Amino acid sequence: QSTWDLKFAEESQKWAIEDCDQNPGPAQFSGSTVDNRAITIDLSQNNYLSDLGQLWHRIEAVKLLCRPGCDRGVVHVASKMLDTLQDALSLGSHEGGSASLAKRLQHHTTSGEK
């Protein structure tokens, strides 16, 4: 048996005893289940926080690379890239949100615009 089969067999015994199903159904606006959310929403929020943490880590890495005394070319490239990123992000925040931002970023990077 595979590891997955063994894990499934182990978990299925727990599922038979405990209520492990989380399905709040349609959105509730009142009552005892108003705060229940689908597990996929909870997981997507966790991914958001993880992504945000990774972004902060990358920003710190750029700061370390651009300390006083580093190569001027490194500072130039980092500065240009951050200018491009800032321009792209400001376009998305002013004109249609994240869906528009994704399209604009794609256009921005493929056309070489600044």
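**Exercise 1.** In which helix does Leu-89 lie? Classify the residue by its accessibility and place it in its surroundings on the surface.

*Solution.* The model is a predicted one.
Step 1: Leu-89 is part of helix α3, which spans residues 72-94.
Step 2: The relative accessibility of Leu-89 is 42%. Partly exposed residues fall between the buried limit of under 20% and the exposed limit of over 50%, so Leu-89 is partly exposed.
Step 3: Leu-89 joins Val-62, Leu-82 and Leu-85 in a nonpolar surface patch, and together the four have about 320 Å² of accessible area. Helix α3 provides the largest share of this patch, namely three residues.

**Exercise 2.** Identify the partner of Lys-63 in a salt bridge and locate the pair in the chain.

*Solution.*
Step 1: The partner is Glu-60, and the closest N and O atoms of the pair are 3.2 Å apart. The cut-off is 4 Å, so this distance qualifies.
Step 2: Both residues belong to helix α2 (residues 39-65), where they are three residues apart, about one turn of the helix.
Step 3: Glu-60 has a relative accessible area of 43% and is therefore partly exposed.
Step 4: The count of salt bridges by this rule is one.

**Exercise 3.** Describe the chain as a whole, beginning with its helices and strands.

*Solution.*
Step 1: The chain contains four helices and zero strands, and its pattern along the sequence is α-α-α-α.
Step 2: Of the 114 residues, 6% are buried.
Step 3: About 9,800 Å² of the chain is exposed, with 58% of that area supplied by carbon and sulfur atoms.

Note on methods
Residues are numbered from 1 along each chain as its sequence is written. This is a predicted model: local features need pLDDT of at least 70, side-chain atom pairs count only at pLDDT 80 or more; totals for chains, interfaces and linings use all residues. Side-chain values use heavy atoms; hydrogens and water are left out. Patches are made of residues with over 30% relative accessible area and no salt bridge: like charges are joined within 9 Å, nonpolar side chains (Val, Leu, Ile, Met, Phe, Trp, Tyr) within 5 Å. Accessible areas come from the Shrake-Rupley method with a 1.4 Å probe; for residues, only the protein chains shown count as cover. A salt bridge is a side-chain nitrogen of Lys or Arg within 4 Å of a carboxyl oxygen of Asp or Glu. Helices (H or I, at least four residues) and strands (E, at least two) are DSSP runs, numbered from the N terminus. Buried means under 20% relative accessible area, exposed over 50%, partly exposed in between (1.4 Å probe, protein chains only).
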